[in-house]
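Here is a set of short exercises to work through with the structure open beside you. Try each task before you read its solution.

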Amino acid sequence: MVVLFMVLRDDTINQTMLVPMDLRNLIPEDHPCYFIKNVVDQIDCSQANRVFADRPGEFAYPRELLLRLILMSVFDGGLSSREIERKTRTDIAYMYLAGMQHPSYRTIARFKVDYPDLIDESFKTTIKIAKEEDLVKIHHVSLDGTKIKAKTSMNKLTKQQLKIMKQHLKESIELDEEEDMELGEESEMVFQKH
C-alpha cells in the first residue's frame with residue numbers, strides 16, 4: 001500500500017523580491033508587445049522629444065513610451081486613455097512597454113491628439129515591418145478579429161490595414177471624450193466592454 005502525502009506550497013502573496021524581476025520573463029515570446037517595441041525602435045522621435053528639453057516643470061514622458069502604449073492599445077481594439085493608464089498598472093505587457101512608468105490618462109489622451117503624424121508613421125511602419133517579417137498573409141488580414149479579404153494588391157491591403165488602425169485610434173479618442181463627459185477630471189477607470 002502506497003501512502004501519498006500532499007504538501008501545501010507557502011502562500012507568498014506578501015513576499016518581496018530581493019532581485020528585481022525582468023518582466024520579459026513573464027511575457028510569452030510571441031506576444032505582440034515585442035513586435036510593437038521593435039516598430040517604435042525604428043521611429044525617430046528625437047524631434048518630438050526635443051520640445052521638452054530644458055523646459056521648466058515636471059519631467060515629460062518620452063514620446064517612444066507613449067507611442068508604444070498607443071500602438072498596443074490599437075492592437076487591443078482602441079482602448080480609452082483611462083484604460084491604457086490602468087493597464088500600465090495591471091497588465092504585464094503594458095507595464096513592459098511603459099518601462100514600469102504610469103503616465104496619466106490626460107498625458108496619453110493629449111498625445112493621441114497632439115501627435116497624429118508620429119502615430120500615423122508608426123502605423124505605416126507597423127505594416128511595413130509586418131510585411132517584411134511575413135506576418136501579413138496575402139488573403140486575409142486580421143486586427144482585433146476584423147478580417148479583410150485582399151482582392152487585388154498588397155497596396156490595397158496596406159490601405160485597408162491603415163484604415164482599420166486609424167479607425168481604432170479614432171474610436172479610442174471618442175471613448176476619451178465620452179469618459180471625460182461622464183467622469184470629468186476623475187481618473188477612475190471605466191470598465192466597459194466595447
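## Exercise 1: two helices that meet

Task: Find which residues of α3 meet which residues of α6, then work out how the two helices are oriented.

Solution. Keep in mind throughout that this is a predicted model.
- Step 1: On the α3 side, pick out Arg-63, Leu-66, Leu-67 and Ile-70; they meet Thr-107, Ile-108, Phe-111 and Lys-112 of α6.
- Step 2: Sorted by class, the residues of this contact are five nonpolar, one polar and two charged.
- Step 3: Now look along the helix axes, which come within 10 Å and cross at roughly 85 degrees.
- Step 4: Angles of 65 to 115 degrees count as roughly perpendicular, and α3 and α6 are therefore roughly perpendicular to each other.

## Exercise 2: one residue in that contact

Task: Decide whether Leu-66 is buried or exposed, and list what it touches beyond its sequence neighbours.

Solution.
- Step 1: Locate Leu-66 in helix α3.
- Step 2: Its relative accessibility is 2%. Buried means under 20%, so Leu-66 counts as buried.
- Step 3: Leaving out residues up to four places away in sequence, Leu-66 touches Tyr-61, Pro-103, Thr-107, Ile-108 and Phe-111.
- Step 4: Take Thr-107 from that list. Leu-66 and Thr-107 are 41 residues apart in sequence, yet their C-alpha atoms are 8.6 Å apart in space.

## Exercise 3: the other partner of α6

Task: Work out how α6 is oriented relative to α7, and which residues make the contact.

Solution.
- Step 1: Mark α6 as residues 105–114 and α7 as residues 116–132.
- Step 2: The two axes come within 6 Å, with a crossing angle of roughly 80 degrees, which makes α6 roughly perpendicular to α7.
- Step 3: From α6, the contact uses Phe-111, Lys-112, Val-113 and Asp-114, while α7 brings Pro-116, Leu-118 and Ile-119.
- Step 4: The classes here are five nonpolar, no polar and two charged residues.

## Exercise 4: a pocket

Task: Say which helix gives the most to the lining of the second largest pocket.

Solution.
- Step 1: Find the pocket, whose volume is about 240 Å³.
- Step 2: Highlight its lining: Phe-52, Glu-58, Phe-59, Ala-60, Tyr-61, Arg-63, Leu-66, Thr-107, Arg-110, Phe-111, Asp-114 and Tyr-115.
- Step 3: Both α3 and α6 supply at least two of these residues, and α6 gives the most, with four.
- Step 4: By class, the lining has seven nonpolar, one polar and four charged residues.

## Exercise 5: an unusual backbone angle

Task: Describe the phi and the surroundings of Met-100.

Solution.
- Step 1: Go to the loop between α5 and α6, where Met-100 is found.
- Step 2: Most residues other than glycine have a negative phi.
- Step 3: Met-100 is not a glycine, but its phi is positive, at about 65 degrees.
- Step 4: With a relative accessible area of 45%, Met-100 is partly exposed.

## Exercise 6: stepping back

Task: Work out why α4 is described as largely enclosed, then place the helices in the whole chain.

Solution.
- Step 1: Seven of the 10 residues of α4 (residues 81–90) are buried, so this helix is largely enclosed by the rest of the structure.
- Step 2: The buried ones are Ser-81, Arg-82, Glu-83, Ile-84, Glu-85, Lys-87 and Thr-88.
- Step 3: Across the 194 residues of the chain, 38% are buried.
- Step 4: The chain has eight helices and two strands, in the order α-α-α-α-α-α-α-β-β-α from the N terminus.

Key:
Residues are numbered from 1 along each chain as its sequence is written. This is a predicted model: local features need pLDDT of at least 70, side-chain atom pairs count only at pLDDT 80 or more; totals for chains, interfaces and linings use all residues. Side-chain values use heavy atoms; hydrogens and water are left out. Axes are lines fitted to C-alpha atoms, for helices over the stretch in contact, and angles run from 0 to 180 degrees between N-to-C directions. Angles under 35 degrees count as roughly parallel, over 145 as roughly antiparallel, 65 to 115 as roughly perpendicular and the rest as oblique. Contact means heavy atoms within 4.5 Å. Ala, Val, Leu, Ile, Met, Phe, Trp, Tyr, Cys and Pro count as nonpolar, Asp, Glu, Lys and Arg as charged, and the others, Gly among them, as polar. On a 1 Å grid over the protein atoms alone, a cavity is a set of points where a 1.4 Å probe fits but cannot get out, and a pocket is an open set with protein on both sides within 12 Å along at least five of seven lines; lining residues have an atom within 4 Å of a point. Grid points are joined across faces, edges and corners, and a volume is the space filled by probe spheres set on the points. Buried means under 20% relative accessible area, exposed over 50%, partly exposed in between (1.4 Å probe, protein chains only).
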